[in-house]
Amino acid sequence: MTFAALLHRWKTDPLTAPNVAAWRIQAARPAEWHPLPPDLPPRLANSLQKREIRALYSHQAEAWQAARRGEHLAIATGTASGKTLCYNLPVLAVLEENPHTRALYLFPTKALAQDQLSVLHQHFSVPAAIYDGDTPQARRADIRKNARLVLSNPDMLHTGILPHHTGWADFFRHLRFVVIDELHAYRGVFGSHVANVLRRLKRVAAFYGARPQFILTSATIANPRELAESLIEETVTLIERDGSARGERHFLIYNPPVVEEALGVRKSALHETARLADDLLETATQAVIFARSRRSVELLLRFLDATAARPTTQANQPVRGYRSGYLPVERREIERGLREGSVRLVVATNALELGIDIGGMGAVLIMGYPGSVASIRQQAGRAGRGDAPAAAVLIATPNPLDQFLARHPEYLLERSPEQGLVNPNHLLILLQHIRCALFELPFRAGEGFGRVPPEQVEEYLDVLTSSGEAHRSTNTTYWMADAYPAAGVSLRSASPETVVLQVEDGGAARMIGEVDSASAPWMVHPRAVYLHEGQQYFVQHLDLAAGRATLIPVALDYFTEPLRESALRVLSVQEQTNEKAWGEVQVITQVTGFRKRAWTSGENLGQEALDLPPTEMQTTAYWLSIPAEVVQALSREGLWTNSPNDYGPHWPQIREQVRARDGFRCQMCGRPETARQHDVHHKVPFRMFREAGGTIRREEANRLENLITLCPECHRKAETNVRVRSGLAGLGYALSNLAPLFLMCAPGDLGLHIEPVENPVFGAPCVALYDQVPGGIGFSQKLFALHQELLRQARELISACPCQEGCPSCVGPGGENGQGGKAETLAILRELA
C-alpha cells in the first residue's frame with residue numbers, strides 16, 4: 001500500500017474516518033533562495049559545495065547578514081528549516097578568519113551535542129569537542145587548551161566550567177560566540193536558572209576582556225524575542241520568516257470514539273494509537289510515535305509486539321523504543337537505524353523531540369497533547385523532511401486540554417497562544433547564583449549582576465556576609481566558605497535543599513539520584529513506587545531531616561499516586577479587579593495518603609493513609625471569587641451545591657441511633673469504634689435529594705435505611721464512589737487543565753485550591769491556581785491578564801462536551817454512582833460572563 005493509499009484508507013475507513021476531528025492540509029511550499037554570501041570564506045564555501053548546498057534559504061541569508069553586523073540573534077523558524085546553518089556559517093567564518101577565536105555551543109541535551117558534533121566533523125574542518133559529564137578526565141585538559149569550538153550544556157557550564165574558569169582563561173579571553181540551541185526549552189524554573197548562569201558567563205568573560213555575541217534558535221513560540229532578551233539581557237534581532245522548502249503536510253486530530261455517551265467515556269488512546277501504527281507498518285511508512293511517559297512507551301511496544309513481525313535479533317527489529325534510561329550506544333544504534341531505514345517505527349518520549357538527525361519520517365503519531373504548542377510542532381515537524389508528503393496525527397486522550405484542542409485545531413495550526421516565561425530575579429534562584437558568582441570572582445563595591453542593580457546585589461552580599469559565607473574587605477566582597485556552591489544548586493529546582501535517593505539491595509548502598517525537598521513528600525513518600533530509568537523502586541523510608549530516602553528495586557503490577565490536601569493564606573494582593581485577583585500566598589500542603597493503580601489498566605486498587613508533616617511554601621496565586629449575588633442567584637435555581645450540608649436539627653440524635661443500630665462497628669470492614677467515633681454515611685448522597693428550588697428533602701435523605709456506619713478509611717472510599725462534584729470543583733478542574741495551554745507549562749507547574757464557602761482567607765467562595773515554585777515564576781500574573789479568555793474557553797469546552805453530567809474531558813467525573821457538576825459549572829460561567 002502506498003502513502004496516498006494510506007491517506008485514502010483513513011478518509012474512508014469506518015473505524016477511522018468518523019473520528020477524525022480535524023484534517024488540515026498545508027500545500028507544498030517552494031524554497032526562497034539567496035546566493036551564497038560573497039564574503040563567505042573559500043574553505044567554508046567549498047564545504048557547502050561538497051554537500052551540494054549552492055544557495056541559502058532566505059532566513060539563513062538574513063541570519064548571516066545580521067550576525068556579520070555583530071547583532072545578537074534569535075532564529076524562530078520551523079522544524080528542519082536549516083537553523084543549524086544559521087549559526088554554523090557565521091561562527092565558522094569567524095573561526096576561519098581569526099585563528100585565536102573561540103565559540104561555545106550550548107544544547108539542552110547531551111544527545112543533541114553529540115549529533116551536532118558529528119555534523120561539524122563530517123562537513124567542516126574545525127577543532128571541536130564535547131565537554132560534558134561524559135567527557136573522560138584524560139581528555140578534559142586537552143579540550144580546554146586546544147578546542148576552538150566547545151559543545152556543552154547549561155548544567156556543565158554551571159558546575160564544570162564557570163567555577164573553574166582559571167583553567168579556561170585562554171578560551172574565555174577569545175570567546176567570540178555563544179550559541180544557545182532550542183531556546184524554547186529554557187522556560188520556567190530551568191530557564192530562570194539558565195538566565196543566571198548566562199549572567200555568570202558574561203561576568204567571567206568580561207573579566208577576561210571578552211563580550212561574546214549570542215545566537216539563539218527556537219521552535220515557534222509566542223514570544224521568542226522576549227524570551228531570548230530575558231535570557232541574555234541584550235537587544236535581540238528576531239528572524240522568523242521561514243524560507244525553506246516543504247512538501248505537502250497533512251495534520252490530523254483523531255479523537256477516539258465515545259463508547260459510553262452518558263459518562264463521556266472514550267476508547268483508549270493507547271489502543272487506537274497502536275491500531276493506527278499497524279496501518280503505518282502495513283504500508284511500510286517509516287514513522288515515530290511520541291508518547292508522554294516512559295510507561296506509555298513500554299505499553300505501546302507490548303501492543304505492537306503482538307501484531308508486528310519482529311525478528312529475534314534486537315539490532316534488526318523494525319519497531320524500537322527510544323526514551324531516557326536507554327544507554328547512549330542503544331540510542332545511537334536506533335538513530336542510525338532510522339536514518340538507514342532498518343528501523344521502520346520508533347516509539348519515543350520527547351527525548352527524540354529535539355533536533356537529533358534521524359532523517360525524514362513519512363508519518364508521526366502523537367499520543368496525547370505533549371504540553372505545549374512548541375512541542376507538538378516540533379514533534380509533527382519530524383514528519384516529511386524535504387519535499388516528500390507526510391502526515392502527523394494527534395491522538396486525543398480524555399484530558400480536557402486534548403478535547404479542547406480536538407475542537408479548536410487553530411490553536412495548534414494558526415497561532416501559538418503560549419509564552420515562554422522566566423523570572424531570573426526569583427529570590428531563591430538569584431541568591432543561589434550570586435553565591436556561585438561570588439565563588440568565581442569577588443564582587444566589587446557598586447557592581448551589579450546582569451540587570452540586578454548594585455544596591456540589590458549589596459543586600460544579597462550582606463546576607464552571605466552575616467552567614468559567614470562571605471567576607472567584606474574595603475570595597476570588595478570575597479567568598480570564604482569551604483563549600484563549592486554550584487555543586488549544590490540544581491538548575492531544575494528553585495529549592496536549594498534536596499533529598500538523596502539511596503538504594504539498598506543487599507550490596508553496598510548506592511545513590512541513584514535526588515529530588516528537591518519540597519517534592520519529596522509526594523514523589524518518594526513511604527511505600528511509593530518510584531520509577532528510575534525503567535526500573536521500579538519501592539520507598540521503604542523517607543527521612544526529611546536527614547535528606548535521605550531509602551529504596552529497594554521491585555517488580556510490581558501497580559504504580560502509586562499521592563493524595564494531597566492544601567490550605568492557602570493570602571499574604572498580599574498585587575492586583576484586584578471585580579472577581580479576579582493575584583498576589584502572594586502561603587501554601588500549606590500535606591500528603592495524607594496514596595492511591596494504588598494497576599500498571600496496565602489504571603484501575604484503582606485502593607488507597608493507604610500516610611502520616612507526614614505538612615510543608616509550607618510562599619508563592620504567587622491567581623484566584624477567581626464567586627460574588628455573593630451569584631451564589632444567591634444559583635442557589636435559587638438549585639445550581640449551587642458548595643454550601644455545607646445542613647442535615648437538620650435532629651441529626652445528632654439520628655447519627656447516634658444509626659451507630660447504635662450498627663453496634664458501633666464499621667459495616668464494611670467490621671472495625672469497632674475506638675477513641676474517634678465512626679462516621680455516618682448517606683448511601684444515596686444527601687444533595688441528590690435537592691428539589692428544583694434548592695430545598696433538600698431531609699426526612700427522605702435521613703431515613704435510617706439510607707444511612708450506614710463507616711470507619712474513616714471506608715468512608716473515604718464510599719465518598720469517592722458516590723461523590724457529587726460541585727460546580728466550583730468542576731470549574732477548578734477545567735481551568736487547571738486549560739491554563740497550561742496559555743502558559744507553556746506542564747500541568748504539574750500549577751497547584752489548584754478550592755474554597756467552597758465564604759471564608760476568612762478569600763472572603764467569597766473561590767478557585768485559586770498557584771505557582772508550584774517557591775516565590776512564583778510569573779504564571780499567576782499571566783493568568784490574571786488572561787482571565788476573560790480562560791473563562792470563555794472553559795465555557796466553550798464544557799458546553800461542547802457530549803457527556804450528560806460531567807466527565808474527565810470537561811469538569812471531571814463524579815463518583816461511580818454519584819453525580820457530576822456540569823450544569824452547575826456552566827451556570828457559574830454564565831453568571832460570570
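R320 is buried in this predicted model, with a relative accessible area of 5%. The side chain of R320 forms a salt bridge with E333, and the closest N and O atoms of the pair are 2.9 Å apart. E333 is partly exposed, at a relative accessible area of 24%. R320 sits in strand β15 (residues 319-322) and E333 in helix α13 (residues 328-340), so the bridge links distant parts of the chain that are 13 residues apart.

## Salt bridges

The count of salt bridges in the model comes to 38. Three of these pairs are set out below.

| Pair | N to O distance | Separation in sequence |
|---|---|---|
| R320 and E333 | 2.9 Å | 13 residues |
| R435 and E469 | 2.7 Å | 34 residues |
| R292 and D402 | 3.9 Å | 110 residues |

R435 belongs to helix α17 (residues 427-440), while E469 lies in the loop between α18 (454-466) and β20 (470-473). R435 is partly exposed at 21% relative accessible area. E469 has a relative accessibility of 17% and counts as buried, because the limit for buried is under 20%.

The closest N and O atoms of R292 and D402 are 3.9 Å apart; the pair counts as a salt bridge because the cut-off is within 4 Å. R292 is found in the loop between β14 (287-291) and α12 (294-305), and D402 in helix α15 (residues 400-407), so the bridge ties together parts that are 110 residues apart in sequence. The two ends have different surroundings: R292 is partly exposed, with a relative accessible area of 46%, whereas D402 is buried at 2% relative accessibility.

Salt bridges can also share partners. D13, K267, E272 and R275 are joined in this way into one network.

## A buried residue in helix α15

Helix α15 also holds Q403. The relative accessible area of Q403 is 0%, and the residue is buried. Apart from neighbours within four places in sequence, Q403 is in contact with N255, R266, A396, T397, P398, L797 and S809.

## A sheet of five strands

An open sheet is built from 5 strands in the order β23-β22-β26-β25-β24, and the pairing is mixed. At its edges stand β23 (510-516) and β24 (529-532); each has a single partner strand, so one side of each has no neighbour in the sheet. On average, neighbouring strands of the sheet are turned by 35 degrees against each other, direction ignored.

Strand β24 is joined to β25 by 4 bridges, and the two run antiparallel. In this pairing Y530 stands opposite Y537 in β25. Strand β25 (residues 535-543) also pairs with strand β26 (residues 548-554), again in the antiparallel sense, over 7 bridges. H541 stands opposite T550 in β26, and L542 has A549 of β26 as its bridge partner. The hairpin of β25 and β26 has 4 residues between the strands, and G547 in this hairpin takes a positive phi near 70 degrees.

## Positive phi outside glycine

Most residues other than glycine have a negative phi. E182 is not a glycine, yet its phi is positive, at about 60 degrees. E182 lies in the loop between β8 (175-180) and α9 (188-207), and at 7% relative accessibility E182 counts as buried.

R527 is also a residue other than glycine with a positive phi, here near 70 degrees. Its place is in the loop between α19 (520-523) and β24, the latter being an edge strand of the sheet described above. At 30% relative accessibility, R527 counts as partly exposed.

## Two helices in contact

Two packed helices are described by the angle between their axes and the distance between the axes. For helix α2 (residues 42-50) and helix α4 (residues 83-97), the axes come within 9 Å and cross at roughly 145 degrees. On the α2 side the contact is made by R43, L44 and L48, and on the α4 side by L85, L89, L92, A93 and E96. By class, the contact has 6 nonpolar and 2 charged residues, and no polar ones.

Key: Residues numbered from 1 in each chain as written. Predicted model: local features only at pLDDT ≥ 70, side-chain atom pairs only at ≥ 80, totals over all residues. Heavy atoms only, no water. Buried < 20%, exposed > 50% of the residue type's maximum accessible area, 1.4 Å probe, protein only. Pairing = 2+ DSSP bridges. Axes fitted to C-alpha atoms, helices over the stretch in contact; angles between N-to-C directions. Contact = heavy atoms within 4.5 Å. Nonpolar A, V, L, I, M, F, W, Y, C, P; charged D, E, K, R; others polar.
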